[in-house]
Amino acid sequence: MVGDALAAAAAARYPGGAVAVTFEAPRRPEFGDFATNLAFALAQTARRAPQLVAGELIEAAREASPELARVLASIEPSGGFINLRLAPAIWQNAVAHILREGTAYGSAPSNGRRISLEFGSANPTGPLVVVQGRTLSLGGTLAAVMRARGYDVFVEWIINDTGSQLDTLGRSLYARYRQIENPDFPFPDDGYPGDYLLPIARSLYARDGSRWCDAPESEWLEIFARYARDELVAQQQRTVERFRVAYDLWQSERELHEAGKIREGIARLEERGLTYERDGATYFRSTAFGDDKDRVVRRSDGRPTYFALDVAYHYEKLKRADRVIDILGPDHHGYIGRLHGLAAALGFPGHLDVLISGQVGLMRGGEQVSMSKRAGHIVTLDEILDEVGVDAARFLFIVPTFESPLVFDMALAVEKSNDNPVYYVQYGHARIASVLRNAAAEASSDPSLAALIEPSELALARRLAEFPAVLEGIAEHRAPHRLARYARDVAADFHAFYTTCRILDAEPTRREARLALARATQIVLARALQLAGVSAPDAM
RNA sequence: GCGCCCGUAGCUCAGCUGGAUAGAGCGCUGCCCUCCGAAGGCAGAGGCCAGGGGUUCGAAUCCCUUCGGGCGCGCCA
């Protein structure tokens with residue numbers, strides 16, 4: 001409405017320079033609630049100073065639309081910007097709106113856009129480790145927020161259960177199995193160390209006894225590989241569930257093979273003329289799509305490569321979703337180019353987003369922990385969860401931006417202080433719950449909010465009003481870290497409000513209005529925490 | 001060598017598609033509970049946004065380049 005008035009004024013005064021009117025929130029609160037740089041854009045064609053243009057526009061808009069006075073507390077030119085401050089009634093209405101919407105506040109109706117979101121996807125050769133904790137947090141939060149904003153999100157995990165690593169896994173398990181009877185039985189050099197295969201070996205031994213001890217590898221290899229794979233995948237699924245992340249599909253690579261999907265994927269490339277033969281192998285001409293070298297999809301012995309799986313799986317996903325998002329670990333930078341090329345080659349240019357999460361280090365007892373998988377020094381995600389809890393882990397993993405490196409500090413994660421953002425936000429929620437308990441009286445169904453006029457009250461109300469836009473921004477920019485930041489900001493604004501405004505012993509109209517504001521804050525905090533996979537305690 | 005990511009306060013990091021005096025937490029200094037949860041709040045000190053060019057009314061943000069740090073570059077998965 002204000003934008004229209006300004007646009008009309010601009011069009012009337014400066015017909016030559018049609019410019020879109022956009023608003024943004026100024027960094028500094030004293031500049032008001034919103035600002036537009038309209039005058040800068042017009043100043044060029046008008047050949048006048050932006051400050052003058054801004055003043056004229058405001059005058060013109062005021063005259064043409066006197067009703068502006070109802071929604072605006074102020075509108076003034078400042079350094080060429082047009083700053084405006086909304087009337088308190090606008091923010092009071094925002095609070096009333098939140099109370100009416102309740103837990104649905106911030107959500108949007110279905111937009112019909114189908115999203116395929118893949119993350120996690122660790123090899124089925126060991127337990128989940130810290131890095132996966134980060135991708136799971138990022139992916140789980142992104143999925144939840146996108147769903148809230150009306151996207152039809154399908155969350156999936158690909159199980160890489162074919163190829164030589166499964167053989168290696170089978171041999172590793174076999175060695176552990178033999179070591180039960182013969183501790184000197186040699187462990188393969190390239191085997192998977194660590195002791196997580198021991199209980200699996202024992203359970204297999206309990207089932208089959210020593211019947212495989214004298215059998216040739218050709219007889220036991222597949223059995224052992226598959227047994228280990230099944231156990232480890234089940235373990236991973238338990239960890240993921242404990243971490244409060246839900247998958248719609250655990251896609252087995254083996255099943256894609258058996259269903260002939262790998263062949264279909266390669267055939268798709270062939271029929272589009274994007275492959276060639278060399279030295280008996282089939283190459284995908286990925287350099288035509290910006291990759292730095294062509295990729296082999298079928299070896300000279302006829303077996304498909306790992307990349308052929310990428311071809312097939314992405315083809316499947318691209319066919320059934322409007323948009324495919326891959327969240328990959330930090331050692332996959334080199335994949336971005338070829339995956340984008342792949343999407344284009346399959347006929348879906350620009351339909352694939354590849355997000356790479358940054359490195360994860362681990363700090364324990366003030367020291368950086370080495371996490372070489374080769375050396376068997378793995379710190380599992382379950383261990384982390386045992387020590388710091390799911391809440392702290394889920395939250396702390398989404399605090400940094402996607403690609404920036406993160407050092408996870410175990411000591412900080414359990415610290416109950418302002419250092420620890422999880423507790424700060426949860427404390428805010430618990431504090432509100434406590435106040436509401438003390439208020440005892442039932443909430444008025446239609447509280448009068450006109451008493452909300454203090455700066456800290458209006459600042460909080462305004463922050464709460466941002467929630468839907470914040471969620472939309474997270475979905476659009478795939479930026480889950482903003483949720484953590486926003487939750488912290490809400491808590492901070494509440495704490496500031498709480499210390500400057502007495503709630504329970506204020507006079508009745510104020511008390512009612514402030515209780516309503518507290519309830520609205522609680523709704524937003526609880527929802528933000530829920531989307532992040534973190535509990536919102538009423539007491540702590 | 002090529003590609004990708006990172007470089008912002010003493011530390012850990014925000015800064016959304018270019019906007020005003022670059023923000024937050026920690027740490028440091030000093031304040032605020034006879035009162036709803038002090039796991040809180042307020043104030044202060046602290047920055048050549050790695051360096052250098054360019055684009056424009058305007059750059060931490062976009063482009064080029066140099067220097068640092070990390071990762072990736074198999075008919076492995």
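**Strand pairing and helix packing**

In the predicted model, helix 12, formed by residues 306–320, lies across strand 9 and strand 10. The direction of helix 12 makes an angle of about 80 degrees with that of strand 10.

Strand 9 and strand 10 belong to an open sheet of three strands, in which the order is 8-9-10 and the pairing is antiparallel. The edges of this sheet are occupied by strand 8 (275–278) and strand 10 (295–298). Each of these two edge strands has a single partner strand, so one side of each remains without a neighbour in the sheet. On average, and with direction ignored, neighbouring strands of this sheet are turned by 45 degrees against each other.

Within the sheet, the antiparallel pair of strand 8 and strand 9 (residues 281–284) is joined by four bridges. Arg 278 has Ala 281 of strand 9 as its bridge partner.

A further set of pairings involves strand 13, which comprises residues 360–364. Strand 13 runs parallel to strand 15 (residues 406–409), and four bridges join the two. In this pairing, Gly 361 is placed opposite Val 407 of strand 15. Strand 13 also pairs with strand 14 (residues 367–368), here in the antiparallel sense and over two bridges. Opposite Arg 364 stands Glu 367, a residue of strand 14. Strand 13 thus takes part in a parallel pairing with strand 15 and in an antiparallel pairing with strand 14.

Notes: Residues numbered from 1 in each chain as written. Chains lettered and ligands numbered in written order. Predicted model: local features only at pLDDT ≥ 70, side-chain atom pairs only at ≥ 80, totals over all residues. Heavy atoms only, no water. Pairing = 2+ DSSP bridges. Axes fitted to C-alpha atoms, helices over the stretch in contact; angles between N-to-C directions. Contact = heavy atoms within 4.5 Å.
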